[in-house]
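Hi there,

Here is the structure I promised to pass on to you. Have a look at it first, and then read on for what turned up in it.

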Amino acid sequence: MQKFIPRLIVLELTRRCELTCRHCRANSSNFPYGDELASGDWLKVLDDISSFSRPIIILSGGEPLLRDDIFDIISFARQKELSPVLATCGTAITKEITFRLKKAGIKRISVSLDGKDALTHDTMRGVSGAFEKAVSAMVLLKEETIEFQVNTTVNRYNVNQLEDIFEMVKRYGALSFHPFFMVPVGRARSLRDMQISPQEYEEALNWLFEKSKEGALNCRPTCAPHYFRILSQFDFSPSDSGLDAKTQGCLAGKSFCFISSTGKVYPCGFLEVECGDARIENFRKLWQESGVFNRLRDLNQYRGKCGECEYLTVCGGCRARAYAAFGDYLDEEPECVYQPLTVKS
């Protein structure tokens, strides 16, 4: 059991958000949601986590900065020797907020940027002025010397802007670039026209691999497990670690999980298979004994071409895409162009 220790845990502190992003996993809107965990509940969850592990804690949403207790949660996580980071869309970042975040001990902040210009970004984010606020957030974080990364949701309308976005990220002083490859859940279920093809997906990952080799910026894709197959094909061993560590492909249920704003636990935020309730259950027990988690950890149960692939241990295929496409999180990754050498007839 010691083999599977959480390395990254997302806490969805609230579903509330000032934006109405077209691809939002949580269908977030700007109004209070009922039954969300109170401060004491989240502190109990953090205490449970710290009892057996020291993962990176990703404080997310919605927009986590809309919670009044965000700074207390960050401080408590630091007291428990956890590594809290913050995922924000950037709209709530002000000079005062950056000062308070630094004082609370935030380790890193991610800012979402979905285009090289306001037209592309604001169209994706559903609110005029979102691009300007994201840029302002990067400037303020740089001034406060808070480490930050940029997350970009790759889609049909910005895949040809990746080079421009990458250069912009460097220019504003981000430490790393993390492209997110869209998974058809939440609002993204209805965005088939915005999803890139499997071949474009492969090309984008190869482009990112070349950028990563240049070393000008740390690069790590999310929801793109076959990037790690590409690394293996080229026998490339990244030396970076910590928040940008390139470990293996899909981590869902193995070293990663997602806890929703109401306490429900999932293998990841895109894999909508409930594994327990951290509000009423001990997280350590849940992590170790969940049937879903343990099935995800058993690669012998993987089916389709993923189950036959020689890169299964480094890639694993996106379990959320498999579930969205086939209703089975152990089925094959539907957006991968690679044909395994060992597929049985």
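**What I found**

Helix α2 is followed by E81, a residue with a positive phi near 65°. Please keep in mind while reading that this is a predicted model.

**Helix α2 and its surroundings**

I started from α2, so let me stay there for a moment. The helix spans residues 70-79, and its buried residues are I70, F71, I73, I74, F76 and A77. In general, residues three or four places apart in an α-helix point the same way, because there are 3.6 residues a turn. What covers the buried residues of α2? The cover includes two helices, α1 (39-50) and α3 (95-104), together with the strands β2 (56-60) and β3 (83-88).

Take the α3 side to begin with. The axes of α2 and α3 cross at roughly 25° and come within 9 Å. An angle under 35 degrees counts as roughly parallel, and α2 and α3 are therefore roughly parallel to each other. Their crossing is right-handed. On the α2 side the contact is made by F71, I74, S75 and R78, and α3 contributes I97, R100, L101 and A104. Sorted by class, this contact of α2 with α3 has 5 nonpolar residues, 1 polar and 2 charged.

Now for α1. Its axis and that of α2 come within 10 Å, with a crossing of roughly 20°. That makes α1 roughly parallel to α2, and the crossing of this pair is right-handed. Here W42, L43, L46 and D47 of α1 meet I73, F76 and A77 of α2. The residues in the contact of α1 with α2 divide into 6 nonpolar, 1 charged and no polar.

**The sheet and strand β2**

In what order do the strands of the open sheet come? There are 10 strands, arranged β7-β6-β5-β4-β3-β2-β1-β8-β9-β10, and the pairing is mixed. The edge strands, each pairing on one side only, are β7 (218-219) and β10 (276-277).

Strand β2 deserves a look of its own. In β2, 5 of the 5 residues are buried, so the strand is largely enclosed by the rest of the structure. As a general point, side chains in a regular strand alternate between the two faces of the sheet. Both faces of β2 are covered, with I56, I58 and S60 buried on one side and I57 and L59 buried on the other.

How many bridges join β1 to β2? There are 5, and the two strands, with β1 at residues 8-12, run parallel. Following the pairing across, V10 has I58 of β2 as its bridge partner, while L11 stands opposite L59 in β2.

Further along, helix α5 (residues 130-143) lies across β4 (108-112) and β5 (148-154), and runs at about 160° to β4.

**A serine in a loop**

One last residue to click on is S28, in the loop between β1 and α1. Is S28 buried or exposed? Its relative accessibility is 2%, so S28 counts as buried. Leaving aside residues up to four places away in sequence, S28 touches R15, C17, L19, T20, Y33, G62 and R187.

Happy to talk any of this through once you have had a look.

Best wishes

Technical notes
Residues are numbered from 1 along each chain as its sequence is written. This is a predicted model: local features need pLDDT of at least 70, side-chain atom pairs count only at pLDDT 80 or more; totals for chains, interfaces and linings use all residues. Side-chain values use heavy atoms; hydrogens and water are left out. Buried means under 20% relative accessible area, exposed over 50%, partly exposed in between (1.4 Å probe, protein chains only). Helices (H or I, at least four residues) and strands (E, at least two) are DSSP runs, numbered from the N terminus. Contact means heavy atoms within 4.5 Å. Axes are lines fitted to C-alpha atoms, for helices over the stretch in contact, and angles run from 0 to 180 degrees between N-to-C directions. Angles under 35 degrees count as roughly parallel, over 145 as roughly antiparallel, 65 to 115 as roughly perpendicular and the rest as oblique. A crossing is left-handed if the near helix is turned anticlockwise from the far one by less than a right angle, and right-handed if clockwise. Ala, Val, Leu, Ile, Met, Phe, Trp, Tyr, Cys and Pro count as nonpolar, Asp, Glu, Lys and Arg as charged, and the others, Gly among them, as polar. Two strands pair if DSSP finds at least two bridges between them.
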